[in-house]
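Below is a predicted model, taken up through a short series of questions and answers. Please keep the sequence and the structure in view while reading.

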Amino acid sequence: MTHADATPVLELSGIGKEFGAIRALHDVDLQVLPGEVVGLMGDNGAGKSTLVKIIAGNFRPSHGEIRFAGNAVHFNRPVDARTVGIEVVYQDLALSDNLTAAANVFLGRELKRKFGPIALLDHKAMAARALELFGELRSETRPDDLVKQMSGGQRQAVAIARTRLSNARLVMMDEPTAAISVRQVEQVLGLIHRLKEQGVAVMLISHRMPDVFAVCDRVIVMRRGEKRADKPIHETSPEEITALITGAKEAA
Amino acid sequence: MAMPMESPISFTNVGKIRWWQRGIFASQTGYVLLALSVLLVIMHFASPYFFTEGNMQNVAKNFSFIAIATLGVTFVIITGGIDLSVGSMMCFSAMITSMVMTELSAPGSPLVHMAADGKTVLANVPGLILLISILAGLGVALIAGLVNGFCIAVLGLSPFVTTLGMLSIVRGLGYVVSNGRGSFPGGPDADYFYALTSGDVLGVPVPFIYLVILALTMAVVLHHSAFGRHVFALGGNEKAAELTGIPVVRVKIEVYVICALAAGLQGIIISGWLGSAPANMATSYELNVIAAAVIGGANLAGGIGGPLGAIVGCVLLEVIRNGLVLAQVSSYWQQTLVGVIIILAVLVDRIRSRMT
């Protein structure tokens, strides 16, 4: 990486998680640098989601330390993670179909104008800012259109625009390309490039090998709750990653 | 990170949604409004009495009697919930209001004194008894709404079951406090009470005025406040609402409280018009109220609805009832027809959404 000396946005050391007698994660160390796209791969039950939920503040780790931009952080709730600058784009995107794109982008942090004691929504400002964000993401999405009427790619853009609103420094995307058409996959990968250009670190959780190889700088493979590989993308191959995921190859 | 845009977005692949494909024009409310206008025209030709001032006043008054509660239940329906306890709530609030009024007006209450003739009771502070009794009536509605909201939002019980239970609880309590006899507004402030509930201003029935004010307030709250936006978001995708940090529990409790208060207010107004609050008052009104909301375009699956739809639904029901009376059709047909219209309204909306 070009900026290997930069402070990592996210640094996990010795992260472990037990649910009763089940060890879901064991001694995971990892770093994510600013503007880096990291692929997180692994079979079902490998510990990917647990790891993501720990970073997003859904679970507290049983062991280990999380550092964000150099400072140790402890998340009790997802809101805590969001406050420091970690945003998650969920697999089902967490959009309200019956609202407009702009309303979804600003959901839970609406812009308001004060009229005496009454605060009313500032529709104009929200639409303008949303249009700006869609412009940055180069997505043809109108702020006033209902999400119900949008394509999969546009929905992704709305979900990602939401993360841009808070100037997140780390965006985690959970299977963003799982259920959309080939053309829309292109758009989503484009959106990830836009985030990278703006110095945002992206963690891409995906099952789709081609997508990971298309956008990621580095790939991390999880298996049985442990990190088995952490390699720059150009030093590995889909075959090797597959072997690591299935366990044909133990570690790399 | 205000980046200058390299080029403004061009919408080459994404067509613009036309004005007639969005907003009210593409909603069930719009279609039902159209149907209502057609119905009004038909009524005009069918009966010379329909558009007379007296009949219009009657219609306005009658639909106002369920419309305020319909506004309240629309809030709940938009979040994807349901409130079956509105009918009982109307009765209980009305009953408590008139009982408190009578109680406070009895000789010996600190709020009254005897007039010179030794028989008539006068209020020490005019209007105070009325205010306290209405607040008491709304107070019990508030409590019932909080209990509904708590059970649904915090304990996670199903809205249908919770409010079905509340329907029975509140109706039962009504019988308990009144011994099944019902109650009557009485005392020195009763005249104010009747003026405020069944009077009229310049020929416009006061319930109708309340309705218009409340509907306008509701429109502003739903479309121009963060609370309203959260209500819609909750109905559209509850999980998403939660993930984006909307206080889901609070919003849910609030809508059930709003609904109960609207029903309570409605009950108090109805009792003013009836002149009493009988223990079986407003029985099964919840069905009329929910039917009106659904006909007007509120979607029981959540996410869609508004004050205009609620009112349009109520007006449609009342115009049909009124029309059947003017046409001298047996009033037993009314209920059958209402059922047909509920299904038709939803059917037309389904066909429309298939076509686009």
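Q: How many residues of chain B are in contact with chain A?
A: In this predicted model, a contact is counted when two C-beta atoms, placed from the backbone, lie within 7 Å. On the chain A side, 25 residues take part. On the chain B side, the number in contact with them is 27.

Q: Which helix supplies the largest share of the side of chain B that touches chain A?
A: Helix H8 (226-236) and helix H9 (238-243) of chain B each supply at least two residues of this side. By character, the residues of the side that touches chain A divide into 16 nonpolar, nine polar and two charged. The largest share, six residues, comes from H8(B).

Q: What is the radius of gyration of chain A, and why does chain A count as being as compact as a globular protein of its length?
A: Chain A holds eight helices and twelve strands. For 252 residues the globule rule gives 18 Å, and the value for chain A is close to this, so chain A is as compact as a globular protein of that length. The C-alpha trace spans about 60 × 40 × 35 Å along its principal axes, and the radius of gyration is 19 Å.

Q: What percentage of the contacts in chain A between residues at least 6 apart in sequence join residues at least 24 apart?
A: Of the 252 residues of chain A, 46% count as buried. Taking the contacts in chain A between residues at least 6 apart in sequence, the portion joining residues at least 24 apart is 67%.

Q: Which residue in the hairpin of E1(A) and E2(A) takes a positive phi?
A: Strand E1 (residues 10-19) and strand E2 (residues 22-32) of chain A pair in the antiparallel sense over seven bridges, and A:Leu10 has A:Val32 as its bridge partner in E2(A). Two residues lie between the strands of this hairpin, and the one with a positive phi near 60° is A:Gly20.

Q: What is the bridge partner of A:Ser13 in E4(A)?
A: E1(A) is also joined to strand E4 (residues 63-68) of chain A, by five bridges and in an antiparallel run. Within E4(A), the bridge partner of A:Ser13 is A:Glu65.

Q: Which helix gives the largest share of the largest nonpolar core?
A: This core has 166 residues, and those with the most contacts inside it include A:Leu170, B:Met90 and B:Cys259. Leaving aside neighbours within four places in sequence, B:Cys259 is in contact with residues including B:Val73, B:Phe75 and B:Val86. The largest share of the core, 15 residues, comes from helix H10 (residues 248-274) of chain B.

Conventions:
Residues numbered from 1 in each chain as written. Chains lettered and ligands numbered in written order. Predicted model: local features only at pLDDT ≥ 70, side-chain atom pairs only at ≥ 80, totals over all residues. Core = buried A, V, L, I, M, F, W, Y, C linked by C-beta atoms within 7 Å. Buried ≥ 20, exposed ≤ 12 C-beta atoms within 10 Å, placed from the backbone. Helix = DSSP H or I, 4+ residues; strand = E, 2+ residues; numbered from the N terminus. Rg over C-alpha atoms; globule rule 2.2 N^0.38 Å. Nonpolar A, V, L, I, M, F, W, Y, C, P; charged D, E, K, R; others polar. Pairing = 2+ DSSP bridges.
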